[in-house]
Amino acid sequence: MTRLVRAEFAKLGTTRFIYGLAAGMAVFAVLAVVAVGTAAGTQGNPSLSADSLPMFVAGPVALVSGAALLLGILGVAGEFRHQTISQTFLVTPDRGRVVAAKLVAYPLAGIALALTTLAVTAAVGAGWLAAKGITPSLLDARLGRVVGVALLGAGLCGLVGVGVGALVRNQVAALVGTLVWVLVVEGLLMGLVNAPSLGRWLPSAAAAAAITSPGGAHLSRLAGTLVFAGYGLALALAGTRLMVRRDIT
Amino acid sequence: MAVITIQGLTKRFGDVLAVDDLSFEADQGTVVGFLGPNGAGKTTTLRMLLGLVTPTSGTARIDGRSYRALDAPVRHVGALLEASSFHPGRSARNHLRVAATAAGLPLARADAVLDQVGLADAARRRVGGFSLGMRQRLGLATALLGDPQVLILDEPANGLDPEGVHWLRGFLRQLADQGRTVLVSSHVLAEVAQTVDQVVIIASGRLVTQSTLAALTARTDQLVRVRTPQAEALRALLAAQGIQADPDGADQLLAVDTTTETVGKAAATAGIVIYEMTAERSNLEDVFLQLTSQQGAGS
């Protein structure tokens, strides 16, 4: 199993995609710091202080979760897109083990992507504060919480991405389907059931509870985490069941 | 001893019967040519043998076990599938190292097999820029990664230039001389005729024949080419005697499986004028075409 997970990392590390994605995230991180930094102290935004670093670091959290989701989806669907799945299944005919290795590898890859992005954000943010003559406090409990939640979110999204990719397999359909689900279907379902007590169990609502923790009608962070991870595992299980029987032509 | 055993193998895709009750064997240390026109079911058969496609019925076994039941499949069986199944953005070397990692093989095997197929110079180039011939070589390198005793190669000569085909023949011979069993598919008999010990010919998913190459050569026909101004009259006359003769140009006939004596006597009895008559022999390719087209017409 370890060698299959290592093989997944080798696949990820030997094409340019992950480096491009990390670079894109870093660029966004810098822009987010600039946006937050220039807006601070204007129009009712709090002024910069020694405690501002968590605010900077929180900037790219949602986007990095999305990137981790993308990573997971492409980690499975990309193999079908490029037909490398034939070779993968020749080496490991037990298809369930292949999906299991991806379920381990892609959450870790998502966490690594989140770590590098947050590190860039923190460095640029600290630099911005230093330029304003403010020494940021790094031993801030809020900072630790923002980073922890970001890593949790990225890991969960990587897991769910693998589940979506395993079930849908077609790269374009998986990506478009995910967007349509998040932007349209869940909203419709929410309106249809018209009961927050039910709607909060839907995937994006559970993800929001786990990552942004909006409170209100949402689940608690722990419940959101478990529910969202459950969706990922259920999708992966269903996808694996189909994949084991499906012909690779 | 049979290393590869296909028994009653059948695959139905919806309404299409891609492989129909196919049975054949490949013995240890032999090169078996798996031949048939495009769409005959070769790729489907090989993918069933490799556990990628599930048979509708029947079995495909390697050393008595299904591919999925092998302990270390890559060390046991090497496979070349179609040349498109590489990530275009990954280098040849990294493609092999990924497979080696998953199979638990030393990473140094990647460089060893690249050397073996003559791709060492292109090792660090991305596969997206490879020619079809280079992809085929990389596919062969992938098949050899685990140093397997059984090789299953789907159309390895596709996209190779004449020099490449020549290289491939020597390469396959060398693998067989090392005691390996090779099952190699092709839609062109000539590509493999100089290399194979046995041929398995299929058409429309069904077995046409399994025989040694020598037995197949013995089936080449005696042909008689006749130049006559009364081609149609002679054709009808021969047909009445059960001899097939096909027009070949305005005043020529090609009579199949007969002798110049027979044609000459027949022409004399009917008073047909003959300008010229030569005995010819059909080649292997004709036999192949004849065998596969008969099967195709019957389905």
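Two strands are taken to pair if DSSP finds at least two bridges between them. That criterion underlies the strand pairings reported below for chain B of this predicted model.

**The two chains**

Chain A is built from eleven helices and zero strands, and its elements follow one another as α-α-α-α-α-α-α-α-α-α-α. The radius of gyration of chain A is 20 Å, close to the 18 Å that the globule rule gives for 249 residues, so chain A is as compact as a globular protein of that length. Chain B, by contrast in its composition, has eleven helices and 13 strands. The table sets out the overall values for each chain.

| Property | Chain A | Chain B |
|---|---|---|
| Secondary structure | eleven helices, zero strands | eleven helices, 13 strands |
| C-alpha box along the principal axes | roughly 60 × 45 × 25 Å | roughly 80 × 40 × 35 Å |
| Buried residues | 44% of 249 residues | 44% of 299 residues |
| Contacts at least 24 apart, among those at least 6 apart in sequence | 79% | 69% |

**The contact between the chains**

Chain A gives 23 residues to the contact and chain B gives 27 residues. On the side of chain A that touches chain B, the elements giving two or more residues are α1 (2–13) and α5 (84–91) of chain A. By character, the residues on this side of chain A comprise eight nonpolar, nine polar and six charged.

**Helix α2 of chain A and the loop after it**

Helix α2 of chain A covers residues 17–39, which amounts to 23 residues. From its first C-alpha to its last, α2(A) reaches 33 Å, close to the 33 Å expected at 1.5 Å a residue. The buried residues in this helix are A:M25, A:A29, A:A32, A:V33, A:V36 and A:G37. Against them pack α3 (53–58), α4 (61–81) and α6 (95–131) of chain A.

Following α2(A) is A:G41, with a positive phi near 80°. A:P46 lies in the loop between α2 and α3 of chain A. Is A:P46 buried or exposed? With 10 other C-beta atoms within 10 Å, A:P46 is exposed, because a residue counts as exposed at 12 or fewer such atoms. The C-alpha atom of A:P46 is separated by 42 Å from that of A:L235, and the two residues are 189 residues apart along the chain.

**Strand β12 of chain B and its partners**

Strand β12 of chain B spans residues 252–256 and pairs with two strands described here. With β10 (residues 222–227) of chain B, the pairing is antiparallel and runs over five bridges. With β11 (residues 245–247) of chain B, the pairing is again antiparallel, over three bridges.

B:L254 of β12(B) takes part on both sides: B:R225 stands opposite B:L254, and B:L254 is also the bridge partner of B:D246. The strands β11(B) and β12(B) form a hairpin with four residues between them. In the turn of that hairpin, B:G249 has a positive phi of about 90°.

In a regular strand the side chains alternate between the two faces of the sheet. Which residues of β12(B) point to the buried face? B:L253 and B:A255 point to one face and are buried. B:Q252, B:L254 and B:V256 point to the other face and are not buried. Thus B:L254, the residue opposite B:R225, belongs to the face of β12(B) whose side chains are not buried.

Terms used
Residues numbered from 1 in each chain as written. Chains lettered and ligands numbered in written order. Predicted model: local features only at pLDDT ≥ 70, side-chain atom pairs only at ≥ 80, totals over all residues. Contact = placed C-beta atoms within 7 Å. Nonpolar A, V, L, I, M, F, W, Y, C, P; charged D, E, K, R; others polar. Buried ≥ 20, exposed ≤ 12 C-beta atoms within 10 Å, placed from the backbone. Rg over C-alpha atoms; globule rule 2.2 N^0.38 Å. Expected span 1.5 Å × (residues − 1).
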